[in-house]
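Thank you all for coming; I would like to walk you through one model this morning, going slowly enough that the cut-offs behind each term are clear.

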Amino acid sequence: MNLIFLGPPGAGKGTQARLIEQRMEIPQIATGDILRAARASKTPFGEAADRYMSRGDLVPDAVMIEAVAERLQCPDTAAGFVLDGFPRTIPQAEALDAVLAGMGRRLDRVIAFEVAEDTVIRRMSGRRICRASGHIYHLDSNPPVTPGVCDVDASPLYQRDDDRPETIRRRMQVYREQSEPLVAFYQARGVFVAISAEGEIEEIYQALLAAAAPRVRG
Ligand code: AMP
């Protein structure tokens, strides 16, 4: 099952992609996570990407395409993948088509997470992440048992620097201008399904499974 999750930052794509990964053993390929790991390791790629990320801008297409093409070659994607945060532009989507065609694979579903702007702002502002495992919490709707500490491995939680108000505004603008056109791009191919991403995590997960059916049962 080869899936793409589309939707604005803060729509809950990462939370749901991690659930799919845990419950269905289909890897989440989150380009934001790949970039944050590169930045934390201070690789030249990570340091170059940081200049864009900290402003809320997109990292140039060519480097993102190369990173995803490389990741898709890993054997753990044999049974499928969930692309979370990629593609974000039409050129990225076109390049992905070419990469998949070259591998003899195709997309099964492109699932768009529909959510109101005030919901995503609330979700991003309250989002906290585990430094060690990347586990995602929310101060109000999904808080850790002990404030500031991950339930799974007791590592400290942190707030992404691009989850602060000025950068959130810029990321929303970038989404509208550069990523929203992907909806029409994939609608034209008959693989597109939109779900409501408002509400509880489990409720959204069930909507997701239904949207991915009939190819997915889980
Ligand atoms: P995310 O974790 O998906 O919200 O991504 C965080 C940041 O990483 C974005 O605001 C961009 O700066 C960068 N980024 C992630 N994925 C992409 C992509 N597919 N194309 C360009 N930039 C990206």
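Which exposed residues does the face of helix 7 carry where it is turned away from the buried side? Before I answer, please keep in mind that this is a predicted model, in which local features need pLDDT of at least 70, side-chain atom pairs count only at pLDDT 80 or more, and totals for chains, interfaces and linings use all residues. Residues are numbered from 1 along each chain as its sequence is written, and side-chain values use heavy atoms, with hydrogens and water left out.

The residues in question are Glu 166 and Arg 169, where exposed means over 50% relative accessible area, buried under 20%, and partly exposed in between, with a 1.4 Å probe and protein chains only. Helices and strands here are DSSP runs numbered from the N terminus, a helix being H or I over at least four residues and a strand E over at least two. On the other side of the account, Thr 167, Ile 168, Arg 171, Met 172, Val 174, Tyr 175 and Ser 179 of helix 7 are buried. Seen down the helix axis, these buried residues fall within an arc of 165°, so they line one face of helix 7; the arc is that of the directions from the axis to the C-beta atoms.

Helix 3, residues 44–53, can be described in the same terms, with Gly 46, Ala 49 and Met 53 buried. Those buried residues fall within an arc of 65° down the axis, so they too line one face of their helix, while the face turned away carries the exposed residues Pro 44 and Arg 51.

Let me turn to empty space. On a 1 Å grid over the protein atoms alone, a cavity is a set of points where a 1.4 Å probe fits but cannot get out, a pocket is an open set with protein on both sides within 12 Å along at least five of seven lines, and lining residues have an atom within 4 Å of a point. Grid points are joined across faces, edges and corners, and a volume is the space filled by probe spheres set on the points.

The structure holds one cavity of 30 Å³ or more, and the largest cavity has a volume of about 80 Å³. Its lining includes Phe 86, Pro 87, Tyr 175 and Ser 179, and strand 1 (2–6) and helix 7 each supply at least two of the lining residues. A cis peptide bond joins Phe 86 and Pro 87, with omega about 0°, and Pro 87 itself sits in the loop between strand 3 (81–84) and helix 5.

The second largest pocket holds about 210 Å³ of space, and of its 15 lining residues the closest to the centre are Pro 8, Phe 113, Val 115, Tyr 175 and Glu 180. Helix 7 contributes here as well, since at least two lining residues come from each of strand 4 (109–114), helix 7 (165–179) and helix 8 (181–187).

Finally, two backbone details in loops. Glu 25, in the loop between helix 1 (13–24) and strand 2 (28–30), has a positive phi of about 55° although it is not a glycine, and at 67% relative accessibility Glu 25 counts as exposed. Lys 42, in the loop between helix 2 (31–40) and helix 3, has a positive phi near 55°, and at 59% relative accessibility Lys 42 also counts as exposed.
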